[in-house]
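Let's work through a few short exercises together. Keep the structure open beside you, and try each task before reading its solution.

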Amino acid sequence: MKKFIGIVKATTATLNVGLGFIPRKVRVTNLTDLTEHLYATDMRAGVLAETHYGVSRAKAGDLAAVTTAAAGIVPYAGGTLLTAASTTCLVRNDKDQRADGATSTTPISTFTVGSTSNKTGNFNVDVSSSGVVGAGSVIIIKGVEYYIVAVVTDGSTGGAANEVTLSDLPAGAVAGSVYSVDKIRSRFDLTGAPSGTVMPNGITIGASATVNNTDGDVLLIEAEDC
């Protein structure tokens, strides 16, 4: 049995999500708007026209039938060779994102502790505006995984004192401690595919889906093939 659980960024465009398998059931939860979409191949039976593309729930609302692919979820066969980078064809991303600093010549390399009680500090440079490094990113310091809880945006973004909050700090940390950052992973488990990618199979989430109607929203996808 194949399973996937991970985070992607919503857009207002159709998303081809390359899971590496075609799931039998899917739950997409918009963690920003608190909406959700449920899909299963079995929903095509019985009332085909009403549930073929799944069912959705608006915030604090009831489940509603989805009757169009544009507003729903369908299987995605994959196999397409991308001749240009895409922001709407998503593939798994566990690459090191330290080069996502605000300047192209200075990657993120250190974390300086500001407050041990608040577990805050700062990077040696600001985080770029791409949003790849941010709340939810895994950060590895001295071989130990932590995650970024928050990055303050106030003109500077992560490069000024106490603008980055971590889930925890290395043992023995004190204010002013400087640690080398071994690796930072994207806050999103799947991101836009680069040119030359042969897309894996998975699902397509329609551009008008309730969970995918605002660019930048955070989506939690849970999928399995049986």
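**Exercise 1.** Find which residue stands opposite N16, and work out how the strands around β8 are arranged.

*Solution.* Step one: in this predicted model, N16 stands opposite C89, a residue of β8. Step two: look at the strands involved, and you will see that β2 and β8 run parallel and are joined by two bridges. Step three: turn to strand β15 (residues 190-192), which pairs with β8 in the antiparallel sense over three bridges. One example to locate is L90, whose bridge partner in β15 is G192.

**Exercise 2.** Decide whether V91 is buried or exposed, and list what V91 touches.

*Solution.* Start with the place of V91, which is strand β8 (residues 89-92). Next, check the accessibility: V91 counts as buried because its relative accessibility is 12%, and the cut-off for buried is under 20%. Now look at the surroundings. Not counting residues up to four places away in sequence, V91 touches G18, D189, L190, T191, A193, P194, T197, M199 and P200. Finally, try a distance: V91 and S167 lie 76 residues apart in sequence, and their C-alpha atoms are 26 Å apart in space.

**Exercise 3.** Do the same for Y179: is Y179 buried or exposed, and how far is its C-alpha atom from that of S109?

*Solution.* First, locate Y179 in strand β14, which covers residues 178-184. Second, its relative accessibility is 10%, so Y179 counts as buried. Third, the C-alpha atoms of Y179 and S109 are separated by 8.5 Å, although these residues are 70 apart along the chain. Fourth, leave aside neighbours within four places in sequence; the contacts of Y179 then include S109, T110, F111 and V113, as well as I141 and K142.

**Exercise 4.** Work out which strands supply the largest nonpolar core, and which residues have the most contacts inside it.

*Solution.* Begin with a general idea: in soluble globular proteins, nonpolar side chains tend to be buried together. Here, the largest nonpolar core has 20 residues, and V17, V26, V28, I205 and I221 have the most contacts inside it. At least two residues of this core come from each of β1, β2, β3, β16 and β17. The largest share, three residues, is supplied by β17. Now pick V28: beyond four places in sequence, its contacts include I73, I205, V211 and L219. To finish, find the second, separate core of 18 residues, with I108, F111, V164 and L169 among them.

Definitions and conventions: Residues numbered from 1 in each chain as written. Predicted model: local features only at pLDDT ≥ 70, side-chain atom pairs only at ≥ 80, totals over all residues. Heavy atoms only, no water. Helix = DSSP H or I, 4+ residues; strand = E, 2+ residues; numbered from the N terminus. Buried < 20%, exposed > 50% of the residue type's maximum accessible area, 1.4 Å probe, protein only. Contact = heavy atoms within 4.5 Å. Core = buried A, V, L, I, M, F, W, Y, C linked by side-chain atoms within 4.5 Å. Pairing = 2+ DSSP bridges.
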